[in-house]
Amino acid sequence: MDIYEQKGHKFIQSDVFEGLKLVQNDSIDLLFIDPRYNIGKNFRTTRDKWDSDEDYLNWAYSWITVCIEKLKSTGSMYIMTSTQFMPYFDIFIRKQMKILSRIVWYYDSSGVQAKKYFGSLYEPILFCVKNEKDCCFNAEEILVEAKTGAKRKLIDYRKPIPTQYNNTKVPGNVWEFSRVRYRMGEYENHPSQKPVCLLERIIKASSNRGDTVLDPFSGTFTTSFVCEALGRKSIGIEIDTEYYQIGLRRVLGIEEHKGKYIRREPKIYEHDLRQEQLPFFQVANNG
Ligand SMILES: C[S@@+](CC[C@H](N)C(=O)[O-])C[C@H]1O[C@@H](n2cnc3c(N)ncnc32)[C@H](O)[C@@H]1O
């Protein structure tokens, strides 16, 4: 296990269960969970394939239970897995939390997905809260363009004083963001890195500045990266030392050199959140 903490971000290199022991119960405002999907991806340290579906689900149910304990009573959780296992997660989680949205993260793919069936172009995300009546949802922070199809601004004549229709809205539950690909500015060497814009929407919607966000399967620490840009604190757990190093460099500009941590200039992304006025990423084309 290795731990590094700076600027409100805690980096824990360990197995998820060991890492979660370092997180206090009822202390987390937002959980983003992007675990192994049990579909056979190569995550260097871990094999993303269990002998049976039951083994995978039992493993997942164990850390889901611990993660929920870490959330404050006002907290929210966004959790991902493969399309084939999400129904099991859904049934398990809805006994403990209120599922407010079943989100489809849709992406187009130029590559051929499948030739003999309909290839998968989405990943499911559950958005759940502990208490529907007392939870954070910053609708104003995540508005997208309401596409009316009209060239001119439409007027609502049903109102006592005719007013222009809103041209923004809260996104629906189908989110279109491209996947992170090689050669994109934000790309790191990881097989299932999540896009910054996906985390941007989640973190803006379900947390406030100064809140703490926990990501127990951090990979390249996209969650912590966006937290740093948006003024949130973060705790990230990742088992693989190389991905952990990517996280330190990505978020803090820190690299390990001969057992010591040294500061290097953080990689500047072509579209770095810190360089631009927020919101920046694809804000207007979803809904
Ligand atoms: C789907 S990826 C997360 C990607 C991340 N959201 C990102 O944007 O880079 C899952 C990560 O969980 C890590 N992992 C797998 N098993 C783990 C375990 N038992 N404890 C902690 N991390 C684990 C893998 O190394 C992998 O990086």
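In this predicted model, a convenient place to begin is the ligand, where a backbone N or O atom of Ile 239 lies 3.3 Å from a nitrogen atom of the ligand. Two further polar contacts involve ligand oxygen atoms. A backbone N or O atom of Lys 194 is found 2.9 Å from an oxygen atom of the ligand, while His 190 places a polar side-chain atom 2.8 Å from a ligand oxygen atom. The ligand on its own would expose 610 Å², and the protein buries 99% of that area. Around the ligand there are 20 residues, of which Asp 15, Asp 34, Thr 220, Thr 222 and Glu 238 come nearest.

Turning from the ligand to the protein interior, the largest nonpolar core comprises 34 residues, and Phe 11, Tyr 78 and Leu 198 have the most contacts inside it. Both strands and helices give two or more residues to this core: on the strand side these are S3 (28-33), S6 (71-80), S7 (98-106) and S8 (122-129), and on the helix side H4 (196-206), H5 (222-230) and H6 (241-252). The biggest share comes from H4, which gives seven residues to this core.

Leu 198 deserves a closer look. Once its neighbours within four places in sequence are set aside, Leu 198 is in contact with Trp 105, Ile 125, Trp 175 and Phe 177.

The largest core is not alone, however, as a second, separate core of 33 residues is also present. Among the members of this second core are Ile 12, Leu 20, Met 77 and Ile 99.

Key:
Residues are numbered from 1 along each chain as its sequence is written. This is a predicted model: local features need pLDDT of at least 70, side-chain atom pairs count only at pLDDT 80 or more; totals for chains, interfaces and linings use all residues. Side-chain values use heavy atoms; hydrogens and water are left out. A nonpolar core is a set of buried Ala, Val, Leu, Ile, Met, Phe, Trp, Tyr and Cys residues joined through side-chain atoms within 4.5 Å. Buried means under 20% relative accessible area, exposed over 50%, partly exposed in between (1.4 Å probe, protein chains only). Helices (H or I, at least four residues) and strands (E, at least two) are DSSP runs, numbered from the N terminus. Contact means heavy atoms within 4.5 Å. A residue is near a molecule or strand if one of its heavy atoms lies within 4 Å of it. A polar contact is a pair of N or O atoms within 3.5 Å; within protein, one must be able to donate a hydrogen and the other to accept it, and residues adjacent in sequence count only if both atoms are side-chain atoms. Accessible areas come from the Shrake-Rupley method with a 1.4 Å probe; for residues, only the protein chains shown count as cover.
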